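Let's take a walk through this structure together, from the surface to the interior. Please keep the viewer open as you read.

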Amino acid sequence: MDREFLADLFAPFGPVTIRRMFSGFGISADGVTFALVIRDAIYLRTDADGAARFEAEGSRPFRYDTRTKTVTVGSYWLLPERLLDDPDELAQWARTAHAAAERAALSKASKTLRVTKTKTAADSNKAPKLTKPASAQRKVKTVAKAAGRAKTAKTTKAPAAKRGRAAR
């Protein structure tokens, strides 16, 4: 699938932005990605409510393999093939996918906002306490000890010029 085909396919939905993403494309509108195209398959964004609709159509969630396991991404489901021949119904599914993507973006933003609101004014006025991990602290101590040994070794040896005078 190329960009031109995808733009034509989603034309009834409205203007979309198609950009390279992973090994395929991401399709977005209003700055929100609502569809993925990977390995010539189109996946639409959904949430728990919409997943049942995809399941009823015999669709499946997006999956990919890593070296150790198969990962299932339940938020993107395969577009039912029959929708490729029905642009108006595809536009309805795309609107539903876009709404699910917007809800997910809002949920993510509200979580960030909640974390920010939990900080009190007193917390923001305090200087942050900077600590190093224990492994870094051990490393610093070891380096300091080694530097101390080197410094001690240098001070115990007399410079060559003084040693020459002492030998005379």
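Does Leu-84 count as buried, partly exposed or exposed, and why? With a relative accessibility of 36%, Leu-84 falls between the 20% and 50% cut-offs, so this leucine counts as partly exposed. Bear in mind that what you are looking at is a predicted model. You will find Leu-84 in the loop between β6 (70-78) and α3. Together with Met-1 and Phe-5, Leu-84 forms a nonpolar patch on the surface, and the three residues share about 240 Å² of accessible area.

Now step back to the whole chain. The fold is built from 6 helices and 6 strands, and along the sequence these elements follow the pattern α-β-β-β-β-α-β-β-α-α-α-α. Of the 168 residues in the chain, 27% are buried. The chain exposes about 12,300 Å², with carbon and sulfur atoms supplying 55% of that area. If you take the contacts between residues at least 6 apart in sequence, 47% of them join residues at least 24 apart.

Next, the interior. In soluble globular proteins, nonpolar side chains tend to be buried together. Here the largest nonpolar core holds 25 residues, and those with the most contacts inside it are Leu-6, Phe-10, Ile-27, Phe-34, Ile-42 and Leu-44. The elements that give two or more residues to this core are α1 (3-9), β2 (24-29), β3 (32-38), β4 (41-45), α2 (48-56) and α3. Helix α3 provides the largest share, 6 residues.

Leu-44 is a good place to center your view. Leaving aside residues up to four places away in sequence, Leu-44 touches a list of residues that includes Phe-10, Phe-34, Phe-54, Trp-77, Leu-79, Trp-93 and Ala-97. Tyr-76 is also among the residues that Leu-44 touches, yet Tyr-76 belongs to a second, separate core of 8 residues, which also includes Met-21, Ile-38 and Leu-78.

Aromatic rings deserve a look of their own. A search of the whole structure finds 6 aromatic pairs. One of them joins Phe-13 and Phe-34: the ring centres are 4.9 Å apart and the planes meet at 40°, so this pair is tilted. The pair links distant parts of the chain, because Phe-13 sits in the loop between α1 and β1 (17-21) while Phe-34 belongs to strand β3, 21 residues apart. Both Phe-13 and Phe-34 are buried. Phe-10 joins them through ring pairs, so that Phe-10, Phe-13 and Phe-34 make up a cluster.

Phe-62 and Tyr-64 offer another example. Their ring centres lie 5.9 Å apart with the planes at 35°, so this pair is tilted too. Phe-62 is buried, with a relative accessible area of 8%, whereas Tyr-64 is partly exposed at 34% relative accessibility.

Finally, which residues does His-98 touch, not counting residues up to four places away in sequence? They are Phe-13, Ala-29, Asp-30, Val-32 and Phe-34, and two of these, Phe-13 and Phe-34, you have just met as a tilted ring pair. His-98 lies in helix α3 (residues 87-118). Its relative accessibility is 8%, under the 20% cut-off, so His-98 counts as buried.

Conventions:
Residues numbered from 1 in each chain as written. Predicted model: local features only at pLDDT ≥ 70, side-chain atom pairs only at ≥ 80, totals over all residues. Heavy atoms only, no water. Helix = DSSP H or I, 4+ residues; strand = E, 2+ residues; numbered from the N terminus. Buried < 20%, exposed > 50% of the residue type's maximum accessible area, 1.4 Å probe, protein only. Contact = heavy atoms within 4.5 Å. Core = buried A, V, L, I, M, F, W, Y, C linked by side-chain atoms within 4.5 Å. Patch = residues over 30% accessible without salt bridge, like charges linked within 9 Å, V, L, I, M, F, W, Y side chains within 5 Å. Areas by Shrake-Rupley, 256 points an atom, 1.4 Å probe, with all protein chains shown as cover. Salt bridge = Lys/Arg side-chain N within 4 Å of Asp/Glu carboxyl O. Phe/Tyr/Trp six-rings, centres within 6.5 Å; stacked < 30°, edge-to-face > 60°.
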